[in-house]
Amino acid sequence: TDFIAQYYEKHPDITVTFRLMTRREIWESLENNRIDLAVMYLPDDSIKNWKPYESRKIFDEELLYLHHGAKLEGKKRISFEQTANYPWVSYPSDYFLSHLLGETYKNQLVTMPDPVARFTTPYQLAKFSNMTHVNTALPSSFYGAHKDDIEAEASQFKPGIHFELSFVYRRGKDQIPRIAGFLDQFKEYLDEKDYFARISATRGRL
């Protein structure tokens with residue numbers, strides 16, 4: 001939102017519309033040219049044919065395990081086996097991070113615990129975790145921006161869960177002047193101050 005406000009001041013003739021979509025809606029909209037750019041987590045194995053698409057990384061991300069209670073206290077890294085017997089709250093099953101967690105647990109030969117509840121936003125997950133002391137998993141960027149208001153302790157998974165936030169668009173779309181200008185200006189915006197520094201400076205309460 002801060003970037004778009006700055007972008008609008010320089011380009012008041014261009015209207016930017018944001019929409020929240022599921023992964024399926026994003027890919028359908030990109031395929032049918034209903035949206036110019038998607039902002040999404042990668043790698044996304046739900047799309048098999050990448051030839052029509054390109055991506056531009058915004059930043060690298062990591063999923064952290066947020067936990068309550070003495071048994072895991074002080075542990076910098078926590079194995080998947082150690083998380084298996086604790087209740088937790090997670091994302092809906094068709095969300096990228098829920099899918100990523102499921103695949104990682106499967107690769108570690110550990111049965112992922114069933115969530116006691118599911119929410120679509122990290123704000124809801126963190127608030128529910130605060131109120132119930134149920135564990136959860138959140139992106140490190142969100143935790144960094146809100147850790148003063150999060151009661152749970154954060155640890156890395158062992159092995160770590162890494163992914164990236166990226167712009168995704170149809171091949172050649174970045175050659176269109178308005179799209180190229182938007183992407184270049186966003187890069188300049190992050191070159192001035194990186195993403196993590198910006199979200200840390202604008203911490204909001206849960």
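**Stop 1: helix 4 and the loop after it**

Select Glu-103: it is partly exposed, with a relative accessible area of 28%. You are looking at a predicted model. Now add Lys-106. The side chains of Glu-103 and Lys-106 form a salt bridge, 3.3 Å from N to O. The two residues sit about one helical turn apart, because they are three residues apart in helix 4.

Move on to Leu-109. Leu-109 belongs to the loop between helix 4 (96-107) and strand 5 (117-118). Check its backbone: phi is near 60°, a positive value in a residue other than glycine. Leu-109 is exposed, at 79% relative accessible area.

**Stop 2: another positive phi**

Select His-133. You will find His-133 in the loop between helix 5 (122-132) and strand 6 (135-139). Its phi is near 60°, again positive in a residue that is not glycine. Is His-133 buried or partly exposed? His-133 is partly exposed, with a relative accessible area of 48%.

**Stop 3: Glu-62**

Go to strand 2, residues 53-67, and pick Glu-62. This acidic side chain deserves a pause. Glu-62 is buried, yet has no salt bridge. Which side chain of opposite charge is nearest to Glu-62? That is Arg-77, and it is 6.7 Å away. A salt bridge needs a nitrogen-to-oxygen distance within 4 Å, so Arg-77 does not qualify as a partner for Glu-62.

Show Gln-156 next. The side chains of Glu-62 and Gln-156 make a polar contact at 3.1 Å. Then display the rest of the surroundings. Beyond four places in sequence, Glu-62 touches Leu-138, Pro-139 and Ser-140. Its contacts also include Gly-160, Ile-161, His-162 and Phe-163.

**Stop 4: two cis prolines**

Stay in this part of the numbering and select Lys-158 and Pro-159. The peptide bond joining Lys-158 and Pro-159 is cis, with omega about 0°. Pro-159 lies in strand 7, which covers residues 153-170.

Now jump to Leu-42 and Pro-43. Here too the peptide bond is cis, and omega is near 5°. Where is Pro-43? Pro-43 is in the loop between strand 1 (38-42) and strand 2.

**Stop 5: strand 1 and its partner**

Show strand 1 with side chains on. In a regular strand the side chains alternate between the two faces of the sheet. Strand 1 follows suit: Ala-38, Met-40 and Leu-42 point to one face and are buried. Val-39 and Tyr-41 point to the other face and are not buried.

Bring strand 7 into view beside strand 1. The two strands run antiparallel and are joined by five bridges. To find one of these, select Leu-42 and Glu-164, its bridge partner in strand 7.

**Stop 6: helix 1**

Select Phe-3, Ile-4 and Tyr-7, which are buried in helix 1. They cover an arc of only 95° around the axis, so they lie on the same side of helix 1. What do the buried residues of helix 1 pack against? They pack against helix 7 (177-192). Rotate to the face turned away from that buried side. There you meet the exposed residues Asp-2 and Glu-9.

Follow the chain to Thr-22. Thr-22 lies in the loop between helix 1 (2-10) and helix 2 (23-31). Thr-22 is partly exposed, with a relative accessible area of 26%. Draw a distance from Thr-22 to Arg-178. Their C-alpha atoms are separated by 25 Å, and the residues are 156 apart along the chain.

**Stop 7: salt bridges**

How many salt bridges are found in the whole structure? A search finds 10.

Start in helix 2 with Arg-24 and Glu-28. Their side chains meet in a salt bridge of 3.3 Å, N to O. Arg-24 and Glu-28 are about one helical turn apart, because they are four residues apart in helix 2. Arg-24 is exposed, at 65% relative accessible area, while Glu-28 is partly exposed, at 33%.

Next, pick Asp-191 and Lys-187. Their salt bridge spans 3.0 Å, N to O. Both residues lie in helix 7, four residues apart, about one turn of the helix. Asp-191 is exposed, with a relative accessible area of 55%.

Finish on Asp-36, Lys-173 and Arg-178. These three residues are linked in a network of salt bridges.

Methods:
Residues numbered from 1 in each chain as written. Predicted model: local features only at pLDDT ≥ 70, side-chain atom pairs only at ≥ 80, totals over all residues. Heavy atoms only, no water. Buried < 20%, exposed > 50% of the residue type's maximum accessible area, 1.4 Å probe, protein only. Lys, Arg positive; Asp, Glu negative; His and termini not counted. Polar contact = N/O pair within 3.5 Å; in protein donor to acceptor, adjacent residues only side chain to side chain. Contact = heavy atoms within 4.5 Å. Pairing = 2+ DSSP bridges. Arc of directions from axis to C-beta.
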